[in-house]
Amino acid sequence: MSKLLVTGGEPLEGEVKIQGAKNSVLPILAATVLNPGVSVIQNCPRIRDVTASLEILRHLGCRAEQTGDTVTIDATQLVRHDVPDELMREMRSSVIFLGAILARLGEAVMCMPGGCELGPRPIDLHLASIRKMGGEIRETSEGLNCSAGAGLKGCELSLAIPSVGVTENIMLAACGAQGLTIITNAAREPEIVDLQRLLCSMGADVQGAGSSVITITGCRPLHDTTYRVMADRIVAATYLSAGAAAGGRVTVSGIDYRHLSTVTSVLSEAGCAVRSGNDFITLVREGPLRSVRPIRTAPYPGFPTDAQAPVMAALCVSQGATMFVENIFERRYGHVDELRRMGADISVEGRVALIYGIPKLHGAAVVSPDLRGGTALVVAALAAEGESTVTGLHHIDRGHQDIEGDLGALGGQIRRAE
Ligand code: UD1
């Protein structure tokens, strides 16, 4: 079993270039199914979820190769339209392949993605949207049998909640649908803009991403493309949280600072000096952290649910009390019990967590409950006196290509051991 050994209590100092975004690259890899040719995707992180996506693509009949951070996918000839159950379970966001496979092949088969460590993750809105576009979906005990019948048809879809995955799935399906699709109350996350850019680079007609209305004119002929994935704003938020927790001076580079404004404004309010340039953010923390006004997670441009855990880890060592309200996922406080093992004083009631700041955490043996919860434990361990061991690394490896290398570059005492 792999574990991270972290010796904390020392300030961080240094710069790290941020990897490509997990939440961008997954829908982008699914989108390559639409192009009956070659797509070259650059700045592709070497993470487990990418490996799983490439396995899905190969299973469908694509040639898919990764060299360094470049992935080449040749989707000229697809031979299957199903996603294997173990890959659906390995990566629940693989439901994103539904829209793309259906648009390209007119049929798709997959099992239901299970519940998850963040609470139930229903796919009702994905299915309702595909049905509204004319897709027929049979839900069986084994999973979903989907058929586009005489072809998907563009329509107006108003989302009950601005779901990221649903917005992406519709965008992909709509590229293969006859006529115009209009998504209202669409998710506005930067990753949606990245997906639109990739689709347009293939010749698709997609407009409006970044606003709450996206329009797609389907059935445009698509062509080969080379596309560079945006940097991962959540990985950047995690390393900035590490700088806030441990103190010192941390620079994250290769990122768009505007994507992180809600996170950096919280860290500034907590007493860190934050300076942003075109493609970097530098955070300096010299004095103690202070508590901040309530942090409520919300769809973009609100405070990201994915940054809740690492920012909470930082605020465990602060003066005063901070309230978190988790509005996106029902069970996203799996890291709280583990942070308590390190001495954190946190009470949770439903969606609300109250963090009573303490001067110091202490090292402990902790287990990652999920991806972001796991990285929060690493953040806390860097601030804690003494040594911590973090296990459950399969969660962290889903989203980070080299967390120990990155934090080591910032001066963190962290290494992986078997
Ligand atoms: C994506 C991100 C994830 C992030 C989340 C919210 C990827 C691969 N993952 O997940 O890291 O935490 O956005 O920013 O991009 N919902 C339904 N029915 C549905 C679909 C969603 O009720 O059919 C609910 C979810 O349970 C959740 C809310 O909508 O409460 C938002 O989820 P959604 O935006 O869809 O998140 P994901 O796309 O799964």
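Between which strand and which helix does the loop holding Gln 19 lie? Gln 19 sits in the loop that runs between strand 2 (12–17) and helix 1 (22–31). The structure is a predicted model. This briefing covers the ligand and its shell, then helix 6, then individual residues in loops and strands. The ligand is surrounded by 19 residues, and the shell takes at least three residues from each of domain 1 (3–18 + 231–417) and domain 2 (22–228).

**Ligand shell**

- Of the 19 residues around the ligand, the closest are Asp 124, Leu 125, Ser 163, Asp 306 and Ile 328.
- By residue class, the shell comprises 9 nonpolar, 6 polar and 4 charged residues.
- Two helices, helix 5 (124–132) and helix 6 (164–175), each contribute at least two residues to the shell.

**Polar contacts with the ligand**

- Asp 124 places a polar side-chain atom 2.7 Å from a nitrogen atom of the ligand.
- For Leu 125, the contact is made by a backbone N or O atom, which lies 2.8 Å from an oxygen atom of the ligand.
- Asn 23 has a polar side-chain atom at 3.0 Å from an oxygen atom of the ligand.
- The ligand taken alone exposes 750 Å², and the protein buries 82% of that area.

**Helix 6**

- Helix 6 has 12 residues, for which a rise of 1.5 Å a residue predicts a span of 16 Å; the end C-alpha atoms are 17 Å apart, in agreement with that expectation.
- Because 10 of its 12 residues are buried, helix 6 is largely enclosed by the rest of the structure.
- The buried residues of helix 6 include Val 166, Thr 167, Glu 168, Asn 169 and Ile 170; also among them are Met 171, Leu 172, Ala 173, Ala 174 and Cys 175.
- At the N-terminal end, Ser 163 acts as the cap of helix 6, with a side-chain oxygen 3.5 Å from the backbone nitrogen of Gly 165.
- Ser 163 is also one of the closest residues to the ligand.

**Gln 19 and its contact**

- Gln 19 has a relative accessible area of 5%, under the 20% limit, and is therefore classed as buried.
- The side chain of Gln 19 reaches the backbone oxygen of Gly 399 at a distance of 2.8 Å.

**Backbone geometry in loops**

- The peptide bond from Tyr 300 to Pro 301 is cis, with omega near 10 degrees.
- Pro 301 belongs to the loop between strand 18 (295–296) and helix 10 (308–315).
- Asn 43 is not a glycine, yet its phi is positive, at about 60 degrees.
- The loop that holds Asn 43 lies between strand 3 (38–42) and helix 2 (48–60), and Asn 43 is buried there with a relative accessible area of 8%.
- Asn 185, a residue other than glycine, likewise has a positive phi, near 55 degrees.
- Asn 185 is located in the loop between strand 10 (180–184) and helix 7 (190–201); with a relative accessible area of 31%, Asn 185 is partly exposed.

**Met 323**

- Met 323 is part of strand 20 (residues 321–325) and is partly exposed, with a relative accessible area of 30%.
- From Met 323 to Met 112 the separation is 211 residues in sequence and 35 Å in space, C-alpha to C-alpha.

Definitions and conventions:
Residues numbered from 1 in each chain as written. Predicted model: local features only at pLDDT ≥ 70, side-chain atom pairs only at ≥ 80, totals over all residues. Heavy atoms only, no water. Near = heavy atom within 4 Å. Polar contact = N/O pair within 3.5 Å; in protein donor to acceptor, adjacent residues only side chain to side chain. Areas by Shrake-Rupley, 256 points an atom, 1.4 Å probe, with all protein chains shown as cover. Helix = DSSP H or I, 4+ residues; strand = E, 2+ residues; numbered from the N terminus. Nonpolar A, V, L, I, M, F, W, Y, C, P; charged D, E, K, R; others polar. Domains from an automatic or database assignment. Expected span 1.5 Å × (residues − 1). Buried < 20%, exposed > 50% of the residue type's maximum accessible area, 1.4 Å probe, protein only.
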